Amino acid sequence: VRQALRQVKDRGLNIDIVTAGFVSAVEVNRDTAAVTVRLEVATFQDMARGAVQKLPWVKSVDIRVPAPPPGATASQPMRPPMPQIPPALDKVKTILAVSSCKGGVGKSTVAVNLAYELQKSGLKVGIFDCDVYGPSLPVMVRLPYEPQMEMYEDAEKVKHIRPCVDPATGIKLVSFGYAGKAAVMRGSMVTGLVSQLMTQTEWGELDFLVLDLPPGTGDIHLTLAQVCKITAAVIVTTPQKLSIIDVERGISMFSQLAVPSVAVVQNMSYLVMPDGTRMYPFGKTDAGRNIADTFGIDHVFELPLEPSLAEAGDTGVPYTSRCVAGAASDEFAKMAQAVVKEVEKIHKNVTRPKVEYDNAREQFRVSLPNGEFFGIDPFVLRARDKGAGGATPPKEGAMPAEIRDMGNYAVVIRWSDGFVQVAPHKQLVYGDEKGPMPRIQLDNVAVA
């Protein structure tokens with residue numbers, strides 16, 4: 001049945017609905033040849049039914065989907081599937097993704113210690129280790145009992161998963177590593193498993209659910225973005241250039257998924273010498289700050305190469321739960337405060353600048369939350385592009401073709417000649433290292 005459902009494609013993601021995690025359950029009654037399929041979204045209901053009905057042995061097909069929102073009508077046009085809030089997540093206030101898109105940069109260290117730092121401030125926290133092939137949570141957080149996630153069915157035959165709980169902090173923990181089995185499975189099975197763990201776990205009331213994402217920008221990231229609404233992302237990198245390239249791809253991925261990146265963490269940045277000075281074994285590259293500046297992210301944190309931080313990951317007692325004084329401890333405290341502050345802005349829907357292109361005047365119109373507005377010459381802005389490759393002169397006749405928001409801090413401008421530019425709000429409003437951005441006075445006329 002699942003093989004038949006793989007013939008149904010999501011054109012927007014260019015993958016099938018099984019891989020995307022839209023198929024939450026398949027039930028087959030061998031006696032009656034009846035098939036029941038549970039979908040996360042109603043968009044593919046008819047196509048899924050048609051695909052299953054083509055199987056020669058199937059006599060009846062029942063497709064079950066979540067109830068439509070109040071006010072929806074059959075006459076309304078079909079829209080692309082948007083993240084729904086599964087019942088298991090309806091009391092989770094914030095879902096925070098910690099991502100690196102590059103393995104070995106200390107992403108799990110950041111995710112776990114950030115979660116425990118958030119808990120220290122009185123917040124209710126959960127951690128979901130999304131890496132099925134290489135789960136790290138059971139090593140980084142060792143519990144005083146044999147951890148085991150329990151699955152059960154309620155009276156309506158709906159499956160639920162009870163997470164492990166750290167008795168010292170109340171932090172809820174979910175990881176495939178607690179199953180005690182090696183993950184030998186194909187990608188489509190992994191995405192289904194991740195979706196199941198995410199949507200069937202009894203998370204209860206949480207202020208923060210921290211997702212420790214696997215490296216890359218693959219199916220798991222897309223699946224999670226489809227089955228739940230990720231509030232924000234924290235990006236982890238190291239000083240090396242190769243890591244920076246992957247991180248830039250990760251930020252772009254989250255932008256496409258409408259997830260704002262609120263902080264950049266540059267891990268393993270320096271060593272603290274006995275005299276208190278800092279030694280930079282990989283060079284003082286300011287890689288994290290350059291990424292944050294390019295994409296208009298306000299918060300950048302540098303974590304040192306600290307033996308006690310590495311030791312904590314090996315012993316199963318999170319560094320931030322030990323109340324250890326040091327540079328890393330200070331950075332995690334600042335990181336947690338910044339994340340809480342930025343998430344509050346997101347939840348309050350703080351208005352950001354609105355950027356439009358006026359075809360008649362051939363210039364950008366920037367409207368600020370306070371009612372102020374002004375114009376910017378698009379070619380001046382392009383000449384001050386902050387991307388790693390530097391400004392690229394426009395081809396003859398090139399004009400801005402598309403503008404879209406990139407999180408809370410920047411806009412992405414796609415030009416007709418194929419050039420893609422990221423323009424941070426700070427650059428548009430205040431300027432950059434080259435000085436203030438030249439403004440064009442406009443009358444109060446709508447964009448043509």
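**A guided tour: helix H8, a three-stranded sheet and selected salt bridges**

Begin with helix H8, residues 287-295, where Ala287, Gly288, Ile291, Ala292, Thr294 and Phe295 are buried. Viewed down the axis of H8, the buried residues fall within an arc of 160°, so they line one face of the helix. The model is a predicted one. Just after H8, select Gly296, whose phi is positive, at about 70°.

Next, display strands E3, E4 and E5, which form an open sheet in that order, with mixed pairing. Strand E3 (23-29) and strand E5 (60-64) are the edge strands, each pairing on one side only. On average, neighbouring strands of this sheet are turned by 15° against each other, direction ignored. E3 and strand E4 (residues 34-39) run antiparallel and are joined by six bridges; Val28 stands opposite Val35 in E4. Add helix H2 (residues 45-53), which lies across E4 and E5 and runs at about 155° to E5.

Remaining with the sheet, select Glu27 and Arg38, whose side chains meet in a salt bridge (3.8 Å, N to O). Glu27 belongs to strand E3 and Arg38 to strand E4, so the pair ties together parts that are 11 residues apart in sequence. Glu27 is partly exposed at 35% relative accessible area, and Arg38 is partly exposed at 23%.

Move then to helix H10 (residues 327-347), in which Lys345 and Glu342 lie three residues apart, about one turn of the helix. These two residues form a salt bridge, with the closest N and O atoms 3.5 Å apart. Lys345 is partly exposed, at 33% relative accessible area, whereas Glu342 is buried, at 2%.

Conventions:
Residues numbered from 1 in each chain as written. Predicted model: local features only at pLDDT ≥ 70, side-chain atom pairs only at ≥ 80, totals over all residues. Heavy atoms only, no water. Buried < 20%, exposed > 50% of the residue type's maximum accessible area, 1.4 Å probe, protein only. Helix = DSSP H or I, 4+ residues; strand = E, 2+ residues; numbered from the N terminus. Arc of directions from axis to C-beta. Pairing = 2+ DSSP bridges. Axes fitted to C-alpha atoms, helices over the stretch in contact; angles between N-to-C directions. Contact = heavy atoms within 4.5 Å. Salt bridge = Lys/Arg side-chain N within 4 Å of Asp/Glu carboxyl O.
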